[in-house]
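Biologist: Before we use any labels for this model, I would like to hear the reasoning behind them. Please take me through it.

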Amino acid sequence: MARNVMLAAQGLDQLPDQPASKADVLAAIRRMCILQIDTINVVARSPYLVLWSRLGNYRPEWLDELLAEGALFEYWSHAACFIPMEDYRLYRRLMLDAIQNQDWKQLWPLKWATNWSRAHAKLIKRIRTHIQANGPVRSAEFENKNHVSGGWWNWKEEKDALNAMFLTGELMVARRQNFQRVYELRERLLPNWDDSRLPSGEEVDRTLVLRAVHALGIAFPNWVPDYFRQPKKGMPKRLEALAEAGLLRRVKVKGLEGTAYVHPERVDLVEEAASRNRKAELTTLLSPFDPLVWDRDRALALFDFDYKIECYTVAARRRYGYFTLPILHRGELIGRLDPKAHRAQGVFEVKALHLEPGVRITKRMVTDLAAALHRLADWHGTPEIVIRGSDPPEFAAHLKAAM
């Protein structure tokens, strides 16, 4: 029951009946509250893949357009994320309070940004003057002859400056160009903004706790802090206080100890799942940074799925692959798939496919996964699917036969 509630809340129980529109992209992000950004591109970059898992075939440029139109903004939340613009007031309060109080727990990159900005005040001023005179910029537009490239974090000072000014709120991302940030002064993008009308820090904290429970559908106290990187300490008491105030409902989940919480607007999902009137029917592939699996402990507790992304692991120590995608099949996480989209050749390669121990191969599973692979490959523009192997070995043969 709890699985079906979470999947329904996340929009992962079934594909929409109608073809997706740009409004559906925004609605999906609002449903999740945040959409994590990652640049790895062996298949579609993570934010686009997260949306595909929920919407099926849609136009990826719609996400870029929503950012450029001001329906979304970028900032730090669970990680770097696209966030609905109506929530900017929440993050502006977090930003200002963190800087004023030197409390970096929730927005830990802001500590670096604040200290770096103070130490490089002249460069910050030069960048600000350049943008005031010339308009939006990318870091690639600055030439630094003294910079020595190499390493993920060995950035030239101008890129550091732009990132610091972004984190401290002086700049915002106006749009992305070839997935590179294009920065603009905040006052130009939000000319009528008034910091005096922000919610209190207490209201922001309460709002984010309620949003996390709402987005998850059902949540135990240890599942809530990770969603928006809120402090873990005191979370059980905060949830109990919200329940006492009638803002959350308490529930018990069979097989899991303790009290879980449901937002009042999600009670209907609990009732439908409990009466078996709502079942998860979707088979799809998930990004490693999908909200359903980004909390590895929660995925293990609720789905019995022990997941780790191995792109940051030395190749010789990888067990499953560089960027494995969890396989969601009708309410269960049944395995993982190591893909590579060869766009120039029109080939979608499945390097390896691993089913979880004890998962029984069925005709419906094979048919559903074959259909999901075709949807993903066609959306990528890589219609030819090549399957190299699987564990167990016979699953690849069944899958190839169903293609």
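Biologist: What makes helix α2 a neighbour of the sheet, and at what angle does it run to β3?

Modeller: In this predicted model, helix α2 (residues 22-32) lies across β1, β2 and β3. Its direction is at about 110 degrees to β3; roughly perpendicular covers 65 to 115 degrees, so α2 and β3 count as roughly perpendicular. Helix α5 (residues 88-101) also packs on the sheet, where it touches β2 and β3. The direction of α5 makes about 25 degrees with that of β2; angles under 35 degrees count as roughly parallel, so that label applies to α5 and β2.

Biologist: Why are β1 and β2 said to stand at the edges?

Modeller: The sheet is open, with 3 strands in the order β1-β3-β2 and antiparallel pairing. β1 (35-36) and β2 (72-76) each have a single partner strand, so one side of each is left without a neighbour in the sheet.

Biologist: How do you know that β1 and β3 pair?

Modeller: Pairing needs at least two bridges, and 2 bridges join β1 to strand β3 (residues 80-84), so the criterion is met. The two run antiparallel, and Gln 36 stands opposite Cys 81 in β3.

Biologist: What makes β4 and β5 a pair, and what lies between them?

Modeller: Strand β4 (residues 171-177) and strand β5 (residues 180-185) have 6 bridges in the antiparallel sense, against a requirement of at least two. Val 173 stands opposite Tyr 183 in β5. The strands form a hairpin with 2 residues between them, and Asn 178 in the turn has a positive phi of about 55 degrees.

Biologist: Why is β4 called mostly covered?

Modeller: Buried means under 20% relative accessible area, and 5 of the 7 residues of β4 are buried.

Biologist: Why are α7 and α8 called roughly perpendicular?

Modeller: The axes of helix α7 (residues 121-134) and helix α8 (residues 157-167) cross at roughly 80 degrees and come within 10 Å. The range for the label is 65 to 115 degrees, so α7 and α8 are roughly perpendicular to each other. Residues in the contact include Leu 123 and Ile 127 of α7 and Ala 161 and Met 165 of α8. By class, the contact has 7 nonpolar, no polar and 4 charged residues.

Biologist: What is the average pLDDT of the chain, and where does pLDDT stay under 50?

Modeller: The chain averages a pLDDT of 94, and 97% of the residues score at least 70. Over residues 150-154 pLDDT stays under 50, and the model has 4 contacts beyond four places in sequence for them. Where pLDDT is low, the predicted coordinates should not be read in detail.

Methods. Residues numbered from 1 in each chain as written. Predicted model: local features only at pLDDT ≥ 70, side-chain atom pairs only at ≥ 80, totals over all residues. Heavy atoms only, no water. Buried < 20%, exposed > 50% of the residue type's maximum accessible area, 1.4 Å probe, protein only. Helix = DSSP H or I, 4+ residues; strand = E, 2+ residues; numbered from the N terminus. pLDDT = per-residue confidence, 0-100. Contact = heavy atoms within 4.5 Å. Axes fitted to C-alpha atoms, helices over the stretch in contact; angles between N-to-C directions. Parallel < 35°, antiparallel > 145°, perpendicular 65-115°, else oblique. Nonpolar A, V, L, I, M, F, W, Y, C, P; charged D, E, K, R; others polar.
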